[in-house]
Structures are given as C-alpha cells and as structure tokens.
Amino acid sequence: MTVLAILLLLAAAVAWWGARRTGSAGDYFAAGQRAGAWLVGIAGTAAAVSAFTFVGGPGLFLVAGAGSLWIILSAPLTGALQCWAVGERVCEMVQRHRVLTPTELIGARFGRAAQAVGALVVAAGCVASGAVQAKAAAVLGEAFLGVSGATAAIAAMLATTLYVAAGGMRAGLLADAVQGGVMAVVALVLAAAALAAAGGPAAALATLERTRPELLGAFGTVPPPRALAWYLLFCLGTLAQPHYIQKFFFLRSPGELRRLPAVLTGALAAMLAVWLGVGVAGAALIADGRLSVARPDELTPAVMRLLGPWAVLLAGIAVLAALMSTTASFLNLAAAALTRDLPASLGRTPGSVAAARVATVAVGAAAVLLGVQSERTIAILGVAGWGFFTAALLPVFTVGLAWPRTTGAAAAAAMTTGAAVDLALEAYRAQLSPGLEPGLAGAALATLVLIAVSLASRSPSSDHGPLTTDHASHALGS
Amino acid sequence: VDTATGRASALIPAASAVIAAGYLLTALVLPALLPVLAAVAPVAACALVLARRRPLRLVAALVALFAWLCTALAGSLLAAQGGTGGLAWLAAVLFLLPLAIVPWLYSATFLSNHEPRTTNHLPP
C-alpha cells in the first residue's frame with residue numbers, strides 16, 4: 001500500500017507539472033512537438049514495452065521455451081523498419097499539415113470517412129489495450145504488492161489517468177522517459193539476479209538441457225508456423241500500433257529520425273532481457289524443484305519472491321512503470337479519437353482540451369472495468385490487442401500512405417475489414433491453423449481490399465483532399 | 001508524377017497484394033513456405049522507403065538485411081530440434097548480431113536523405 005500511495009503522490013506532482021505547461025492541443029496531444037531522439041526513443045520504448053514483457057513474457061517462456069522469443073526477436077529490426085516504412089513519411093506529413101495524432105493524419109490523407117473509422121478503431125483498441133494493462137496491474141497487486149488485484153488496478157490506472165488527464169502527453173512523455181530508464185535498469189538487474197539464482201546462465205541452460213530439452217530448440221514447443229507468424233505479427237505490427245506512430249509526432253524535426261532507431265533498439269534490448277533472463281532462470285528453477293507455479297503468469301512473481309524482498313519491490317516498480325507508460329499513450333490516443341477525430345470527421349469543431357481530460361478519465365475507468373473481469377492470461381490478451389491494431393491499421397499506414405492511388409473509401413473499407421476479420425478470428429483462435437494469426441490474416445485481407453477498392457474507385461486526387469484550414473487551426477490549438 | 005512515383009504506383013500494390021495473398025495461402029495451405037514470407041515481408045516493408053528515395057547504398061543495405069534474415073531463418077529451421085544450439089542461434093544471430101548493425105545501417109543511409117525525393121502525392 002505504501003508503494004501505491006507514493007505512486008499516487010508522484011503522479012499528482014507530474015500532473016501538476018504537466019497541467020502548468022499544457023496550454024494548447026499541440027501540447028496536450030503531441031507534447032509540444034519539441035522532443036529529441038533520446039527522449040522520444042526512451043519514452044517510446046517505455047510505451048511499447050508493457051507489463052506483457054515483464055509478466056507475460058517469462059511465463060510464456062515457461063510453456064513455450066525459445067518459441068516464445070519469436071515475439072521479441074524482431075526487436076533489432078523494428079526501430080529501423082518503423083522509420084523506413086512509416087516514420088519518415090509521417091514526419092513529413094506532420095510538418096506539412098500540422099496534424100497532432102495518427103488518426104488526424106489518416107483524416108488529412110484519406111478524408112473524413114476514413115478518419116471516422118480510424119477514430120473508432122483507435123478508441124476501441126486503446127480501451128482494450130488499456131484493459132490488458134489493468135489486468136497486469138491486478139496481477140502485480142496480488143503477486144508483488146500484497147494488495148487485492150482490484151485495488152492495484154484502480155490505483156495504477158488512477159495515477160496514470162491523473163497525470164495524462166491533467167498534462168496530456170507533455171506530462172506523459174516526461175513520465176514515460178523516466179519510467180523507461182527505470183525499466184531498462186531494473187530489467188537488466190532482475191535478469192542477471194534471476195540467472196545467478198539459478199546457478200548462472202550455463203547452469204540454468206544445462207538444467208533445461210537435461211530436464212526439458214524441448215524448450216531450447218529454436219522453436220521451443222511452438223509449432224514453427226506459429227512462431228514465424230508471431231515474428232511477422234510483432235515485426236510488421238510495429239508499423240500499425242498507434243502508440244508507436246504517435247511518437248513520430250513528438251519529434252522536433254525529421255532530422256531526429258537518424259538517431260531514433262539506435263535509441264529505440266538499445267532501450268528495447270535492455271528491457272527485453274527480463275523475458276529471456278527470468279524465463280530461462282525460472283524454468284530451470286522449476287525443473288530443479290526449487291520453485292512451483294500454478295499458472296504461467298505466476299512465474300515472474302515466484303522468481304522475485306525467491307530472490308528476496310528487494311527483487312519483489314524492484315519488479316513491482318518496473319511492472320508499474322511498464323503498464324503506466326503504455327497506458328498513458330492509450331488514454332491520450334483514445335481521448336483524441338473521441339473528442340477530436342470523431343467530431344472532426346462529422347464536420348464539427350473538435351473538442352477542447354477540457355473535453356479530452358474528461359474523455360481520458362472515462363477511458364481509464366472503462367479499461368479497469370474490462371481488465372479486472374478478464375480471465376485470459378496477459379500474454380494472450382497482449383497478442384490479441386496488438387493483432388487488432390495490426391489488422392486494422394497496417395495496410396493504411398504502409399501501403400495507403402506510400403501508394404498515391406489509395407482512396408479514402410479504400411482506406412475506410414480496409415480498416416473495417418481488418419478489424420472485423422481480426423475480431424471474428426480471435427473468437428476461434430483455438431481452432432485456427434498454427435500459422436494463421438488473426439491480426440495478420442486481418443491485415444492481409446484488408447490489404448487486398450485496400451488495393452481492390454482503390455483500383456475500382458475514381459482518382460484519389462478528388463477523394464482524399466487536402467487538410468482544411470479548420471483542421472490546421474485546430475491542430476495548432478488556436 | 002515523376003518516374004519514381006510512377007514505378008512505385010505499380011510496384012507497391014503488386015508486391016503488397018502478392019505478400020498479403022501469399023500469407024493467407026501459406027498459413028492455410030503451405031505452412032512450410034512461411035519462412036520465405038517471414039524473410040520477404042519485413043524487408044519489403046523496409047523497402048517502402050524506396051518510393052521516396054533510392055540511393056544505391058540504401059538499396060545495398062536492404063539487400064544485406066534480406067541476406068541476413070534468410071540466413072538467420074534458415075539456421076533456425078536447422079536448429080529446430082531440442083538442445084541449447086537452437087536458443088544460442090536465436091540469441092546470437094537473430095538478436096544480438098543485428099542489434100547494433102541495423103540501427104547503424106539506418107543512420108548511414110539516412111545521410112542521403114537530402115537527395116532529391118519523389119514528389120509527394122499530397123497537395124501542398
């Protein structure tokens with residue numbers, strides 16, 4: 001309870017700091033567009049790395065072994081991939097059209113109908129993804145902090161909602177960067193400590209080689225098609241996550257992109273150490289009979305308890321940082337979608353910053369309600385949330401932005417198709433063939449729809465239209 | 001519309017459609033071909049940048065990426081059986097090796113960012 005109380009006090013301080021510096025929509029939704037590569041890279045990685053990495057990842061290693069790593073193996077590639085495929089184009093459009101959010105960019109390029117669909121997709125996906133973080137907070141509370149899951153979920157989400165509602169992404173970016181630094185250091189320390197407790201990396205691997213060799217093959221216990229589908233989903237999916245794309249809006253100039261992949265990749269690699277370190281060590285400790293867990297998600301808490309109270313506290317802080325930094329972006333994006341993009345797509349004046357603050361609180365409350373009621377494991381919830389955005393937004397942000405012929409109708413149809421296919425297939429995930437990931441299947445079908453409708457439509461020059469003066473002035477916060 | 005944009009107009013939808021249909025086909029019918037798609041699709045996504053700028057060293061960087069990914073994925077398939085070798089291959093070749101190289105490749109090719117770009121399709 002002391003940790004949660006301190007957390008709320010810190011959140012109040014950040015909220016106060018952010019509220020004093022947030023005077024316009026540009027400050028609230030795009031952190032004033034004054035950040036450099038280091039700040040955006042570390043904060044962006046913190047937003048990207050959720051509690052899924054700290055709790056779900058090691059748990060998944062316990063059952064899937066090296067096969068679970070295919071979710072994170074694309075990490076060295078994704079920083080450059082994001083900048084090459086999407087970042088450069090987004091930065092150019094942000095400079096040219098003064099848009100503040102990914103959905104606003106969709107509106108600028110593809111018109112109002114696409115902006116409306118995009119806003120609905122982002123709002124729904126952000127609430128669902130926020131629920132994953134609330135679920136993780138519940139696990140955190142029960143496992144690390146000794147409080148009820150609901151109490152922990154409410155406290156963590158309340159703290160995040162507080163500073164995001166008050167200070168928008170001015171406060172969110174600062175908090176994310178601090179949290180990212182904490183997460184990177186703690187992840188490395190915990191991974192090293194866990195491996196040391198298992199007798200060192202060589203001893204841990206030798207134990208697994210002797211007792212559970214199936215975990216150590218290149219695909220672990222995961223069928224290779226499924227592992228490769230995970231690789232593709234989490235590699236290409238980085239191009240479609242709105243909280244990833246949002247970071248390009250914070251940069252002060254496109255020149256900052258040059259160093260961004262290095263910062264993103266370095267920070268991400270440090271944070272992912274916990275997945276491999278705690279996963280290998282935990283599996284070895286269980287094989288040795290020194291540890292036992294009832295569910296995969298209990299592995300990280302169990303390893304931390306074995307290490308001692310200091311590790312429990314550090315892990316609790318890291319998981320809190322992870323889930324709060326990710327939640328901050330989702331809350332802000334959902335608020336923007338509900339109060340700016342949806343009204344703008346209907347031809348109305350976008351809502352004020354005050355309206356966005358109210359929407360932030362509402363989205364936070366909805367995420368807590370959804371998250372604490374879910375029975376699915378954090379790993380599966382995380383994959384599902386990522387897949388939804390991949391299915392709906394990947395074709396639009398890659399093919400759509402790069403191909404001049406793409407029309408607004410095609411973009412709207414593609415987003416609708418991707419989201420619908422992903423949701424439909426998620427309901428039957430257990431019956432799908434191993435290589436068929438709902439998110440990838442949705443994105444594939446949506447890509448085909450995007451191309452077919454664009455080719456069948458009239459010229460895009462009269463379809464997407466330029467950003468209107470109204471858009472630009474609202475984007476500037478005037 | 002300049003020549004580069006014209007080429008992109010034809011190549012982007014064609015390549016995207018092949019990859020999208022290819023994924024559905026391999027996932028449902030020919031899962032043995034998924035490694036090919038796993039090597040092609042990420043590099044094809046990186047190659048979207050070629051619609052904006054096309055210096056030779058950027059093309060060379062993407063070719064190098066593709067060669068590395070093919071090697072890494074082929075090695076993974078060979079190391080699929082249980083044993084520390086599989087995990088070591090993943091950690092060394094697919095994760096640690098490109099950790100510094102890929103961001104460096106981006107930075108090195110970013111220098112040519114000021115070369116003439118293709119026209120943007122958005123009105124000013």
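How many residue pairs are in polar contact between chain B and chain A? In this predicted model, the count comes to 10, with both residues of a pair at pLDDT 80 or more. Every one of the four helices of chain B takes part in the meeting with chain A: α1, α2, α3 (56-78) and α4 (84-110) each bring at least two residues to the side that touches it. The biggest share comes from α4(B), which gives 15 residues to that side.

The contact as a whole draws on 61 residues from chain B and 66 residues from chain A. Put together, the two chains bury about 5500 Å² between them, and 75% of that area lies on carbon and sulfur atoms. Charged side chains also turn up at this interface, where the rule finds three salt bridges. One of them pairs A:Glu92 with B:Arg52, whose side chains meet at 3.4 Å, N to O.

Now for chain B by itself. Its make-up is easy to read: four helices and zero strands, giving the pattern α-α-α-α along the sequence. The chain has 124 residues, and 49% of them count as buried. Contacts reach far along the sequence, too. Among those in chain B with a separation of 6 or more, 62% join residues that sit 24 or more positions apart.

What does chain B show on the outside? It exposes about 5700 Å², with carbon and sulfur atoms supplying 77% of this area. Part of the surface is a nonpolar patch of about 680 Å². Its members are B:Leu25, B:Leu28, B:Val29, B:Leu30, B:Leu33, B:Val36, B:Val40 and B:Phe66. Two helices of chain B, α1 (3-28) and α2 (34-46), each supply at least two residues of this patch.

B:Leu25 makes a handy example from the patch. This leucine is found in helix α1 of chain B. Is B:Leu25 buried or exposed? The answer falls in between: B:Leu25 has a relative accessible area of 48%, so it counts as partly exposed. Patch members need over 30% relative accessible area, and B:Leu25, at 48%, therefore clears that bar.

Taken together, chain B is built from four helices, carries a nonpolar patch on its surface and meets chain A through a contact that includes 61 of its own residues.

How values were computed. Residues numbered from 1 in each chain as written. Chains lettered and ligands numbered in written order. Predicted model: local features only at pLDDT ≥ 70, side-chain atom pairs only at ≥ 80, totals over all residues. Heavy atoms only, no water. Patch = residues over 30% accessible without salt bridge, like charges linked within 9 Å, V, L, I, M, F, W, Y side chains within 5 Å. Areas by Shrake-Rupley, 256 points an atom, 1.4 Å probe, with all protein chains shown as cover. Salt bridge = Lys/Arg side-chain N within 4 Å of Asp/Glu carboxyl O. Buried < 20%, exposed > 50% of the residue type's maximum accessible area, 1.4 Å probe, protein only. Contact = heavy atoms within 4.5 Å. Buried area = accessible area lost by both parts, 1.4 Å probe. Polar contact = N/O pair within 3.5 Å; in protein donor to acceptor, adjacent residues only side chain to side chain.
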